[in-house]
Amino acid sequence: MDIDPTNLPGVLRLAPRRFGDARGFFSESWNRKTLVEAGVDLPEFVQDNHSLSARAGTVRGLHFQSPPHAQGKLVRCGRGALYDVAVDVRKGSPTYGQWTGAELSFENGAQLWIPAGFLHGFLTLTDDTEIVYKCTDHYAPECDGAVKWDSCGIDWPMPEAAEALLSDKDAVAQPLADFDSPFTWEGAA
Ligand SMILES: Cc1cn([C@H]2C[C@H](O)[C@@H](COP(=O)(O)OP(=O)(O)O[C@H]3O[C@@H](C)C(=O)[C@@H](O)[C@H]3O)O2)c(=O)[nH]c1=O
């Protein structure tokens with residue numbers, strides 16, 4: 001498993017090893033021991049999510065759950081390809097408001113580890129794209145929130161001829177500039 005830092009400290013890009021043979025491949029898509037031995041501070045996962053986006057250009061996000069139900073997420077692509085993004089919204093963080101993105105596809109098998117304190121969202125790059133992710137807390141609709149996808153200066157690689165397809169909720173989300181984040185950076189005084 002390759003584990004690489006990103007430009008946002010705490011967010012990691014993971015590439016599990018694939019063992020190919022005449023049948024296809026085998027891969028450990030998550031292994032607690034491997035990550036803990038690599039020094040990843042990993043809370044317990046309690047929920048797995050799976051969604052399908054039928055159209056390239058679908059945007060889901062940018063989402064978060066407030067404490068006490070904040071979620072860390074280990075994200076991968078089950079089918080197709082997507083551009084996955086995290087935005088640091090921990091008040092007092094030296095990287096507050098900064099974002100990182102990575103292409104996750106069935107083809108590359110890559111994953112992103114996004115700890116609590118970051119917004120999460122993604123753009124689908126192909127039709128019929130599936131995302132699969134593990135979460136460190138349960139769904140808590142009363143703690144659910146969103147920040148507008150195009151308010152964070154993210155350089156989204158929108159597929160040619162596609163327009164962003166959003167949920168009604170995401171279409172009217174607050175901009176980052178108006179967001180009073182419930183998260184604090186652990187290093188903040
Ligand atoms: C997120 C979630 C939604 N739902 C329900 C609520 C709603 O009726 C339906 C669709 O919910 P949403 O529109 O919020 O789904 P979606 O826009 O796909 O939300 C997800 O987006 C990505 C970017 C994330 O990071 C996730 O944490 C989650 O917020 O599913 C659950 O039952 N459990 C869950 O954990």
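Modeller: Two strands count as paired if DSSP finds at least two bridges between them. The model discussed here is predicted.

Biologist: What makes β7 and β13 a pair?

Modeller: Six bridges join β7 to strand β13 (residues 129-135), in the antiparallel sense. The cut-off is at least two bridges, so the two strands pair. One residue to look at is Arg-76, whose bridge partner in β13 is Val-132.

Biologist: How do you know that β7 also pairs with β11?

Modeller: Four bridges join β7 to β11, and the two strands run antiparallel; as at least two are required, this is a pair as well. Here Leu-74 stands opposite Trp-113 in β11.

Biologist: What makes β2 and β11 partners?

Modeller: Strand β2 (residues 12-15) and strand β11 (residues 111-114) share three bridges in the antiparallel sense, and the requirement of at least two is therefore met. Leu-14 stands opposite Gln-111 in β11.

Biologist: In what order do the strands of the sheet stand, and why are β1 and β5 called its edges?

Modeller: The sheet is open and has six strands in the order β1-β2-β11-β7-β13-β5, with antiparallel pairing. Both β1 (2-5) and β5 (47-53) have a single partner strand, so one side of each lacks a neighbour in the sheet. From one strand to the next, the twist averages 25 degrees.

Biologist: Why is strand β7 described as largely enclosed?

Modeller: Strand β7 covers residues 73-79, and five of its seven residues are buried, so the rest of the structure largely encloses it.

Biologist: Why is Lys-134 called buried?

Modeller: Lys-134, which is in strand β13, has 21 other C-beta atoms within 10 Å. The label requires 20 or more, so Lys-134 is buried. Leaving aside neighbours within four places in sequence, Lys-134 is in contact with Trp-30, Phe-45, Asp-48, Lys-73 and Leu-74.

Biologist: Why is Ala-110 given the label partly exposed?

Modeller: Ala-110 has 19 other C-beta atoms within 10 Å; being buried takes 20 or more and being exposed takes 12 or fewer, so Ala-110 falls in between. Ala-110 lies in the loop between β10 (99-105) and β11. The residues it touches, not counting those up to four places away in sequence, are Arg-13, Leu-14, Ala-15, Ala-102 and Leu-104. Ala-110 and Arg-13 are 97 residues apart in sequence, yet their C-alpha atoms are 7.0 Å apart in space.

Biologist: Which residues touch the most other members of the largest nonpolar core, and which element gives the largest share?

Modeller: The core has 39 residues, of which Leu-82, Ala-86, Val-87, Leu-112, Leu-119 and Val-147 touch the most other members. Among the elements that give two or more residues are β2, β7 and β8 (81-88), and β8 gives the largest share, five residues. Val-87 is in contact with Leu-62, Trp-99, Phe-118, Leu-119 and Cys-152, leaving aside neighbours within four places in sequence.

Biologist: Which residues surround the ligand, and how many of the shell are polar?

Modeller: The ligand is surrounded by Asn-49, Ser-51, Arg-60, Gly-61, His-63, Lys-73, His-120, Gly-121, Phe-122, Tyr-139 and Ser-167. By class, the shell has seven polar, two nonpolar and two charged residues. At least two of its residues come from each of β5, β6 (59-65) and β12 (118-124).

Key: Residues numbered from 1 in each chain as written. Predicted model: local features only at pLDDT ≥ 70, side-chain atom pairs only at ≥ 80, totals over all residues. Axes fitted to C-alpha atoms, helices over the stretch in contact; angles between N-to-C directions. Near = placed C-beta within 6 Å. Nonpolar A, V, L, I, M, F, W, Y, C, P; charged D, E, K, R; others polar. Contact = placed C-beta atoms within 7 Å. Core = buried A, V, L, I, M, F, W, Y, C linked by C-beta atoms within 7 Å.
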